[in-house]
Amino acid sequence: QECLSQQQALSAVRQMQKVLAAQEAAQLRGTRALRHQLALLQRQATKRNETCPRPAVPLNGRMLGRSVRVGHDVHFVCNAGFRLVGSETRGCRHDRTWSGTQPVCRSIDDCSSNPCANGGTCVDGNQSYTCLCLRGWSGPSCQSPVYACSNASFSRQPRCAEGRPGSRRCACDVGFQMRAGGVCHDVDECQLFQSSPQTRLCLHDCLNLPGSYRCLCPPGYLLHADRNTCEDVNECSGKQHNCTQGDLCINTFGGHRCVRPKCPPPRHNTSYVKTSAFQCERNPCPVESPACRLAATSISFHYLPLQANRTVPHVLFKMSTTRFVGDSLRFTITGGRGQGVFTVRRSDRQTGELVLTSPVAGPATLEVELEMSEFSRKVLLGKHIFKVTAFVSPYEF
């Protein structure tokens with residue numbers, strides 16, 4: 001048998017060194033993985049014994065569940081006559097803090113059953129409701145008619161003072177006017193000023209009160225500090241929405257919507273993965289699938305709150321690309337409902353705009369699908385789909 005040459009021996013030694021090095025690396029990786037697993041088990045065992053500070057139980061409510069250890073949940077319910085605002089369930093997290101918002105038990109809004117008769121307006125208080133009655137009605141529920149001769153709220157006696165011998169001066173309180181018979185009658189500011197856009201007192205609705213008036217706002221709004229304009233309530237930030245788990249809350253003017261954007265199902269070797277709450281990205285295409293390469297590279301979802309009868313033209317949405325490798329971009333509307341009130345225009349070389357061209361009366365939901373295509377020498381490099389939904393409010397504010 002012939003001996004190995006020097007070159008063959010060196011090659012065999014190098015091959016053996018590679019095998020030993022690979023075995024050593026595999027053993028090192030296994031040891032590291034084992035140490036990592038042990039550390040995780042120790043951390044989990046430690047976490048099981050950690051607790052969160054005991055959560056505050058809301059007034060007029062109670063807590064269900066006693067365990068305040070990490071990984072456990074507690075639940076809150078309110079007593080009869082109260083409703084829960086905030087998180088119904090809170091979980092003790094690994095950082096020893098509670099998930100969700102602190103719940104509060106508030107009195108049930110008796111106004112939901114419309115207890116005020118004869119056009120009265122119900123105002124919800126901390127513990128009960130109050131009816132603000134229209135002129136001619138009184139009582140806890142505005143159920144009793146009031147006659148002019150006995151209306152103590154909207155008519156009253158003037159304030160009089162004796163002057164020179166045989167003379168007497170009388171005057172009415174602010175908000176009242178002297179009429180025949182020497183009686184002070186209430187000035188209906190709402191009737192006098194609210195009907196004209198130039199003199200109107202309230203942005204939405206006006207309620208006449210004895211000697212004064214009060215501005216009212218529709219559901220979903222609060223009266224602003226100026227006492228005449230209405231301010232939208234953000235139900236999403238205040239946890240006042242009814243969206244289920246997995247839904248996304250979108251605040252609108254005067255309300256909110258619950259949405260759940262979904263990627264399109266796989267088709268023609270084309271599939272998408274959700275990379276964020278509002279974005280889908282196309283998976284890599286098989287080499288033999290031209291249909292996949294012609295499909296959109298990304299699909300994004302956009303939800304816009306919109307006031308009714310918005311002044312036009314009004315730019316609603318802008319689309320652009322941060323990495324422009326082609327020589328031209330094309331922006332088009334490819335579908336949707338209510339697209340007749342939209343148009344697309346280019347604002348610069350890399351940016352397109354979705355423009356509202358006609359005022360829209362609410363409430364309404366408009367949907368439009370936009371496409372941004374990138375070309376190089378008239379060859380399509382890629383395209384992006386923007387699905388835009390506009391929620392139009394019933395009100396102009």
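**Salt bridges, disulfides and nonpolar cores**

User: Is E353 buried or exposed?

Analyst: The relative accessibility of E353 is 7%. Buried means under 20% relative accessible area, exposed over 50%, and partly exposed in between, with a 1.4 Å probe and protein chains only. E353 therefore counts as buried.

User: What pLDDT do local features need in this predicted model?

Analyst: Residues are numbered from 1 along each chain as its sequence is written, and side-chain values use heavy atoms, with hydrogens and water left out. The model is predicted: totals for chains, interfaces and linings use all residues, side-chain atom pairs count only at pLDDT 80 or more, and local features need pLDDT of at least 70.

User: Which residue meets E353 in a salt bridge?

Analyst: A salt bridge is a side-chain nitrogen of Lys or Arg within 4 Å of a carboxyl oxygen of Asp or Glu. The partner of E353 is partly exposed, with a relative accessible area of 41%. The N to O distance in this pair is 2.9 Å, and the partner is R345.

User: How many salt bridges does a search of the whole structure find?

Analyst: Side chains of opposite charge can pair when their charged atoms come close. The pair of R345 and E353 is a salt bridge. A search of the whole structure gives a count of eight.

User: How many residues apart are D173 and R156, which meet in a salt bridge?

Analyst: The side chains of D173 and R156 meet at 3.5 Å, N to O. The pair links distant parts of the chain, with D173 in the loop between strand 12 (168-171) and strand 13 (176-179) and R156 in strand 10 (residues 155-156). Helices (H or I, at least four residues) and strands (E, at least two) are DSSP runs, numbered from the N terminus. In sequence, D173 and R156 are apart by 17 residues.

User: Which residue is linked with R156 and D173 in a network of salt bridges?

Analyst: R156 is partly exposed at 30% relative accessible area, and D173 is partly exposed at 23%. The residue linked with R156 and D173 in the network is R159.

User: What is the distance between the closest N and O atoms of R260 and D247?

Analyst: R260 is partly exposed at 43% relative accessibility, and D247 is partly exposed with a relative accessible area of 23%. R260 and D247 form a salt bridge, in which the closest N and O atoms are apart by 2.8 Å.

User: How many disulfides does the structure contain?

Analyst: A disulfide is a covalent bond between the sulfur atoms of two cysteines. The rule for counting is a pair of cysteine sulfur atoms within 2.5 Å. By this rule the number of disulfides is 11.

User: Which strand holds C105, the disulfide partner of C78?

Analyst: Both C78 and C105 are buried. Their sulfur atoms are 2.1 Å apart, and the link is left-handed, with -90 degrees about the S-S bond. C78 lies in strand 2 (residues 73-78), so the disulfide ties together parts that are 27 residues apart in sequence, and C105 lies in strand 5 (residues 104-107).

User: Is C292 buried or exposed?

Analyst: A disulfide joins C285 to C292, S to S 1.9 Å. C285 is partly exposed, with a relative accessible area of 24%. C292 has a relative accessible area of 1%, so C292 is buried.

User: Which residues touch the most other members of the largest nonpolar core?

Analyst: A nonpolar core is a set of buried Ala, Val, Leu, Ile, Met, Phe, Trp, Tyr and Cys residues joined through side-chain atoms within 4.5 Å. The largest core has 21 residues, and the members that touch the most others are F317, F342 and L370.

User: How many residues form the other core, which includes I250 and V259?

Analyst: Leaving aside neighbours within four places in sequence, F317 is in contact (heavy atoms within 4.5 Å) with H302, L304, G352, E353, L354, L370, F386 and V388. Apart from the core of F317 lies another, with Y272 and I299 also among its members, and its size is 11 residues.
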